[in-house]
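Biologist: Please take a close look at the surroundings of the ligand, and then place them beside the strands of the sheet. Plain wording will do, as I am new to this.

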Amino acid sequence: MSAQLILQPGKERSLFRRHPWIFAGSVERLVGKARPGDTVEVVAGKQVLVKAAWSPESQIRARVWSFDPNEIIDNAFFKRRVAAAVARRGVLPSLTLEQGQRLIHAESDGLPGLIADKYGDTVVVQLTSAGADKWREAIADALQLATGCARIYERSDSDVRGLEGLEPRVGWLRGEAPAGEIVIEEHGVKMAVDIVAGHKTGFYLDQRDNRGLLRELSAGRRVLNCFCYTGGFSLQALAGGATSVVSIDSSQPALDRAAANLALNPRLPADRAEWRCENVFDELRKLKAAGETFDLIVLDPPKFAPSASHAERASRAYKDINLLGCKLLAPGGLLMTYSCSGGIGLELFQKIVAGAALDAGRDARIMQRLQGAPDHPIALAFPEGEYLKGLLLQVD
Ligand code: SAH
């Protein structure tokens, strides 16, 4: 008999909207015994509504596995859900050709706390909830079955595990390390992916399509790529015919990787690339003081606001870099600007950027709204899944 989570009166409403989180404040009590990650029945008015994973340490006290109260949560359940998520990527034919691809995007693929990214024939998983952590082996088996990949690496070292009372855990779940480094091709450009020490699962797959767009915009332009990490946008700009590409990041190891990635692509004009190990906030001011201008600027900063409580300080940081970005653009230039902060919605982000353009004394218009690539779907019932938002602006 699984334990039962009894909801406070009225707290079942979000479940009827098929939102998968049950917060601590919604729980009246737990009947029976459950260890972290165990499946519990969620009950309102004596009726079992959903099956969920119990996370006693987290403010999100339970995450829904199934909105069908009769569905059994077992190995077969994970096989079904993982197979469905992988098949979903086939909806967009171009996706199936990508060597770097997100296979499972957590809640939005019906698998809370589970991220799975595929790089060539290696899958990297990140388990961030007690429920996903408990089903590690079933998930690894299901991924092998659905993808045919022999190698599965676990990168469960994200900070959010701490909120669930989980220790970091990394290592090979299936197979062993490949002989050389893992290299994927993105829009024809080779990129090495460091699945052991790189950010997230090794690479920012969410920006793949936006890097493709940048490539299309780069011909004949002087490009400035801020927060360049391992050079994803920079190399696409070179491939697209940029006349120069200045890239800034504060991490020397990231820049070393970027330079190594460039070397993997001998056809790209390396003499047009310049890497600067600097703080973007300072470097943009210096560039401005030196009277430099650019035709196309990318601003893809780290998460300044992990949650809404950081929104105010983060807003100032976004305003600052976008203001400097606008000032550094030659008339008619393009600004590709992003926020990956869950705590800053699209509307607020647009307001911040509008304020920045205004203060820079520049008229600007949105040419395109940008978002994460479609292998990072957003379940309609789970708007929290939308974290990456961007604007392509043309600035007079
Ligand atoms: N655009 C990249 C991903 C950017 S990740 C891609 O497409 O792959 C954010 C990067 O910002 C990280 O590499 C981090 O080292 C860098 N960073 C964070 N704060 C910074 C700062 N103040 N100045 C410069 N770089 C910074």
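**Around the ligand**

Modeller: The ligand is surrounded by 16 residues (each with a heavy atom within 4 Å of it), and the closest of them are Arg-211, Asp-249, Ser-250, Val-280 and Asp-300. This is a predicted model, in which local features need pLDDT of at least 70 and side-chain atom pairs count only at pLDDT 80 or more, while totals for chains, interfaces and linings use all residues. Residues are numbered from 1 along each chain as its sequence is written, and side-chain values use heavy atoms, with hydrogens and water left out.

By residue type, the shell around the ligand holds 8 nonpolar, 4 polar and 4 charged residues. In this grouping Asp, Glu, Lys and Arg are charged, Ala, Val, Leu, Ile, Met, Phe, Trp, Tyr, Cys and Pro are nonpolar, and the others, Gly among them, are polar.

Next come the polar contacts (pairs of N or O atoms within 3.5 Å). Val-280 places a polar backbone atom 2.9 Å from a nitrogen atom of the ligand. Ser-250 also uses its backbone: an N or O atom there lies 3.0 Å from a ligand nitrogen atom. With Asn-279 it is the side chain that takes part, since one of its polar atoms is 3.3 Å from a nitrogen atom of the ligand. Taken alone, the ligand exposes 580 Å², and the protein buries 89% of that area (Shrake-Rupley method, 1.4 Å probe).

Now to the sheet. There is an open sheet of 6 strands (DSSP runs of E, at least two residues), with mixed pairing and the order β2-β6-β5-β4-β1-β3. Two strands count as paired if DSSP finds at least two bridges between them. At the edges are β2, residues 21-23, and β3, residues 27-31, each of which pairs on one side only. On average, neighbouring strands of this sheet are turned by 35 degrees against each other, with direction ignored; the axes behind this angle are lines fitted to C-alpha atoms.

One pair in the sheet can be followed at residue level. Strand β5 covers residues 47-54 and strand β6 covers residues 60-66; the two run antiparallel and are joined by 4 bridges. Trp-54 has Ala-62 in β6 as its bridge partner. In general, strands of a sheet pair through backbone hydrogen bonds, either parallel or antiparallel.

Conventions:
A polar contact is a pair of N or O atoms within 3.5 Å; within protein, one must be able to donate a hydrogen and the other to accept it, and residues adjacent in sequence count only if both atoms are side-chain atoms. Axes are lines fitted to C-alpha atoms, for helices over the stretch in contact, and angles run from 0 to 180 degrees between N-to-C directions.
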